[in-house]
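I opened this notebook to keep a careful record of what I looked up, entry by entry. The sequence and structure come before my notes.

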Amino acid sequence: MEPLRSAEVDRLLFELTQPTGRADPYSYYEALRRTAPIARAEDGAIVLTRYADCHAVLHDPRFGRADPEKLFASIGLPSWKEFPALWTLNTSMLSVNPPQHTRLRRLVSKAFTARKVEQLRAPVAELVDTLLDQIDGGGDFVDTFAFPLPVAVIGELLGVPEADRAAFQPLVRDWTMVLDLFSPEVFARANQAAGQIRDYLADLAQQRRRNPQDDLISALASASDDGDQLSEDELVTMAALLFAAGFETTTHLLGNGLVALLASPDQASALRKDPELAPTAVEELLRFDSSVQLTGRTALADTKVAGVPIAKGARLVCYTGAANRDPQRFDDPNRLELARRDGAPLSFGGGIHYCLGAPLARLEAQLAFPALLTRYPNLQLSDGAQRRDSLTLRGYLHLPVNC
Ligand code: HEM
């Protein structure tokens, strides 16, 4: 058996990159899962849309990250190291295989601990309350709440001074556009942005080396594992990854989650009446409309997925957003059911790259949604919602609301 290549597969994958596909990718995912669950895209990549297949690939060490040298040589960009957007992404923990991945993850885990996250519970609850004041009378939910909350939390944790944080939003947005197919203009902006982020963080890291504070950058600068430490370049890359991964995705969880709740008033009302529902509610909102829709892997050896042979070097795209709606895994998957207990969506990935910030994102969302619904029981969307133009990261740039 071979991965299925057909005109219909090409059409569905193309539509997913178009505004209609981005607005509602789920019907396209369903068609792919039904007709070609292991499909071959026009560019040769193998596209997976079933939960079991995505889960298996993410947890199998025979699948990992592509060697950037080979990857960029194959697309005619051997000079990738000169581009800050590519350098930062491709040398970060997110993009490397063991043993380098194990080394970086171990060093950051010494500084970014569950205890550190739990200590944030009271300050985050307070911040949620303060930010909710800004929505009074209506406004843009992204600008007033969904962006400032995670950026303040990760900024505080890392040690980025408050006055400097807002400037990161457009920079991170521009940088992370390299996760999708990009035009030369978008690529130039991504590099400009990544360069600025690196310069800023290098400066901050130097200040913290000279004068350590109680923050993650200082802790990362001194984190050591059997005498091993992050180099200056690795420290800057790690801080950039944490800062970028720390808010864009969470901003989108808050925006997508609000839209999903408002579309299911019975569910919103259940959470308003019973805030204890928050932990399962957040898992369900993550499943229902995840801010990360896909992730890639490369076969590091000849292997198989669900009995289909996969050659060493093959690129795979795991549509985790599709896996999260797989009826073989979730009952009635297109229904939002906050009390659902058949959880474990793939929204935070799986295996060795499982999201490091998952406890932090959960904490923020579990405190935000019940507080939001209680404070503003009549909250509604107004006209003018605008989606981010990306398939990998799914969310809203603007989400006007009134209350
Ligand atoms: C709703 C919010 C979030 C979502 C949906 C999300 C999603 C993900 C996913 C899917 C991955 C794995 C990607 C892959 O396997 O290819 C990942 C990795 C990662 N995330 Fe998150 N994330 C979120 C929030 C955060 C936060 C708040 C932080 C930081 C504080 C963070 C830091 C990271 C890091 C450092 C990695 C790389 C881990 C590794 O490669 O070992 N994320 N995230």
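Which side chain has an N or O atom 2.7 Å from an oxygen atom of the ligand? I found that it belongs to H101, and I take a polar contact as a pair of N or O atoms within 3.5 Å, where within protein one must be able to donate a hydrogen and the other to accept it, and residues adjacent in sequence count only if both atoms are side-chain atoms.

Before going further I noted that this is a predicted model, in which local features need pLDDT of at least 70 and side-chain atom pairs count only at pLDDT 80 or more, while totals for chains, interfaces and linings use all residues. Residues are numbered from 1 along each chain as its sequence is written, and side-chain values use heavy atoms, with hydrogens and water left out.

**Ligand contacts.** I then looked up other oxygen contacts of the ligand, and saw an N or O atom in the side chain of T295 at 2.3 Å from a ligand oxygen, and one in the side chain of R297 at 2.8 Å. Two or more residues of the shell come from each of α7 (100-111), α16 (232-263), β7 (295-299) and α20, where helices (H or I, at least four residues) and strands (E, at least two) are DSSP runs numbered from the N terminus.

**The shell.** I read that 28 residues surround the ligand, the closest being R65, H101, R105, T295 and C355, with a residue counted if one of its heavy atoms lies within 4 Å. Helix α16 gives the most to this shell, with 7 residues.

**The iron.** I asked which protein atom is the donor to the iron atom of the ligand. The single one is SG of C355, 2.3 Å away, donors being N, O and S atoms within 2.8 Å of the metal (3.2 Å for Na, K and Ca), and sites may look incomplete because water is not among the atoms. C355 sits in the loop between α19 (320-323) and α20 (358-375).

**Strands.** I followed β7 away from the ligand and found 4 bridges joining it to β10 in an antiparallel arrangement, with two strands said to pair if DSSP finds at least two bridges between them. T298 has R315 as its bridge partner in β10. Strand β10 (residues 315-318) is also joined to β2 (residues 46-48), by 3 bridges, and these two run parallel; here V47 is partnered with V317.

**T91.** My last entry concerns T91 in helix α6 (residues 84-91), where a polar atom of the T91 side chain lies 2.7 Å from the backbone oxygen of W87.
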